[in-house]
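Hi,

Here is the structure I said I would pass on. Have a look at it first, and then read on for what turned up.

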Amino acid sequence: MSDARLLDRFAKLCEIPSPTGSEREVGDWQSAELTAAGFDVREDDSEGPARAGCGNRIAHLAGSSDASIMFCVHLDTVPHPQPIEVRFGEDGVFRSAGPTILGADNKAAVAVAVELAIRWSEAPMPPPVGIEIVLSVAEEDGLRGAHALDTSALRSDVGFVMDHATPIGELITAAPTYMRLLADFEGAESHAGMSPEAGVSAIEAAAAAIEAMELGRLSERTTANVGVISGGTATNVVPGHCRVDAEARSLDDREARDVVGRMVDACTWAGSERSADVDCDVWEMFRAYEVPSDSRARALARGGLERSGHTVVERSTGGGSDANALRKNGFDAILLANGTEAPHTPQESVAADRLVEMLAVCDQIVRAAGEGAER
């Protein structure tokens with residue numbers, strides 16, 4: 001079967017803008033395509049809770065057995081200042097033609113999942129198990145669509161998330177807790193040349209807090225970072241406000257919370273030392289997980305990769321995906337690499353061969369699940 005439709009769909013998907021909060025156009029297009037292919041497609045009520053452009057789309061195609069498996073891919077991208085124009089090079093690689101992202105994160109996986117579904121709908125026989133596609137929203141900003149997804153309403157009990165930008169064959173069996181910290185330092189403004197002693201520098205207080213923090217790679221499992229600092233109004237004004245945006249991540253949930261707690265302590269101490277008020281807001285973006293060795297999703301993913309000729313490499317990651325939200329809700333999901341490169345940058349790319357290979361992996365997962373359903 002020709003792969004031209006898969007590649008054409010991918011390019012068209014990338015050129016439909018869908019930054020977080022603007023997913024409806026791309027969601028409507030893929031819903032219409034799946035409906036035309038005979039899928040039962042519905043939109044859930046996550047649009048409001050997820051602060052997205054639409055709700056998650058859930059599509060299902062019945063199989064020859066009662067069992068179903070789910071593929072989860074997200075519709076949104078990070079923001080991009082200009083429209084995306086896709087260029088397909090002589091080397092067989094898709095790239096952005098301009099200074100923007102390509103959108104392969106995660107539209108490479110969207111194209112693969114939809115093509116998988118449509119090919120099975122066109123086959124002379126139904127798939128050996130039902131195929132369920134979740135097109136999630138607002139993944140790029142806290143996995144909000146997946147967090148709002150009612151997993152109890154799914155027809156599947158295992159799922160596969162294709163959202164890790166590493167070589168196909170990698171299977172992600174552990175991911176971290178991600179704790180976010182916003183610290184607002186309030187000092188007192190004064191003229192920096194005429195009466196600096198009357199002011200209280202919020203920037204100095206924030207700097208002292210950062211100096212007191214443990215940052216970078218704290219252990220094999222744990223990292224911490226200050227990513228954004230903003231404050232002040234002019235060079236001749238002692239700054240009365242400064243905001244620090246920071247994070248802590250760890251494969252150990254308790255350790256992530258301990259690290260962010262120490263970051264809060266550093267802010268509190270620095271505010272007291274510099275006579276500044278401090279307001280710290282901490283929240284969990286997503287929860288750590290480790291996929292157990294007896295996970296059915298893990299076994300099927302390994303089987304699909306091996307049957308399609310890939311050497312399986314199991315590893316942990318420092319990033320998050322919809323798999324974090326799904327597993328937090330008790331759903332047996334696993335994260336797979338999709339062969340894309342340099343996500344969130346103008347250098348983002350994916351080779352056409354990787355799209356074809358990922359489609360073959362997913363097809364083999366369906367077949368492996370079907371063999372299990374027969375036993």
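Let's start with Glu348, which counts as buried because its relative accessibility is 2%, and the cut-off for buried is under 20%. Before going further, please keep in mind that this is a predicted model. Glu348 sits in the loop between β16 (332-337) and β17 (349-351). What does its side chain reach? The side chain of Glu348 gets to the backbone nitrogen of Ala104, at 3.1 Å. Leaving out residues up to four places away in sequence, Glu348 also touches a long run of others, among them Phe94, Arg95, Ser96, Ile101, Leu102, Gly103 and Asp105, as well as Glu341, Ala342 and Pro343. Thr100 is 248 residues away from Glu348 along the chain, yet their C-alpha atoms are separated by 8.7 Å.

Now the whole chain. There are 10 helices and 17 strands in it, and the C-alpha atoms fill a box of roughly 85 × 45 × 40 Å along the principal axes. A compact globule of 375 residues would have a radius of gyration near 21 Å, and this chain has 23 Å, so the two agree. Of those 375 residues, 55% count as buried. Among contacts with a separation of 6 or more, 80% are between residues 24 or more positions apart. The chain exposes about 15900 Å², and carbon and sulfur atoms supply 47% of that.

On to the inside. In soluble globular proteins, nonpolar side chains tend to be buried together. Here the largest nonpolar core has 83 residues, and Phe10, Phe71, Phe94 and Phe160 touch the most other members. Helix α4 (residues 104-122) gives the most to this core, with 12 residues. Which residues does Phe160 touch? Not counting residues up to four places away in sequence, Phe160 touches Ile69, Met70, Phe71, Cys72, Ala297, Leu300, Ala301, Ile334, Leu336 and Ile365. There is also a second, separate core of 27 residues, which includes Ala205, Ala209, Met213 and Val260.

Ala111 is a good way into α4, the helix it lies in. Ala111 counts as buried because its relative accessibility is 0%. Setting aside neighbours within four places, Ala111 is in contact with Leu6, Arg9, Phe10 and Leu13. Those four are on the list of buried residues in α1, along with Leu7, Ala11 and Cys14. Helix α1 (residues 4-15) has 12 residues, which at 1.5 Å a residue should span 16 Å; its end C-alpha atoms are 17 Å apart, so that agrees.

Just past α1, in the loop between α1 and α2 (24-36), you will find Ser18. Is Ser18 buried or exposed? Its relative accessibility is 1%, so Ser18 counts as buried. The side chains of Ser18 and Lys107 are joined by a polar contact of 2.8 Å. Other contacts of Ser18, again without its neighbours within four places, include Glu23, Val26, Leu75, Asp76 and Thr77.

Last stop: helix α6 (residues 202-212). Its buried residues are Ala202, Ala205, Ala206, Ala208, Ala209 and Ile210. What covers them? The cover includes β9 (177-186), β11 (222-231), β12 (241-250) and α7 (253-273). At the start of α6, a side-chain oxygen of Ser201 comes to within 3.4 Å of the backbone nitrogen of Ile203.

Over to you!

Key. Residues are numbered from 1 along each chain as its sequence is written. This is a predicted model: local features need pLDDT of at least 70, side-chain atom pairs count only at pLDDT 80 or more; totals for chains, interfaces and linings use all residues. Side-chain values use heavy atoms; hydrogens and water are left out. A nonpolar core is a set of buried Ala, Val, Leu, Ile, Met, Phe, Trp, Tyr and Cys residues joined through side-chain atoms within 4.5 Å. Buried means under 20% relative accessible area, exposed over 50%, partly exposed in between (1.4 Å probe, protein chains only). Helices (H or I, at least four residues) and strands (E, at least two) are DSSP runs, numbered from the N terminus. Contact means heavy atoms within 4.5 Å. The expected span of a helix is 1.5 Å times one less than its number of residues. A polar contact is a pair of N or O atoms within 3.5 Å; within protein, one must be able to donate a hydrogen and the other to accept it, and residues adjacent in sequence count only if both atoms are side-chain atoms. The radius of gyration is taken over C-alpha atoms; the globule rule is 2.2 Å times the number of residues to the power 0.38. Accessible areas come from the Shrake-Rupley method with a 1.4 Å probe; for residues, only the protein chains shown count as cover.
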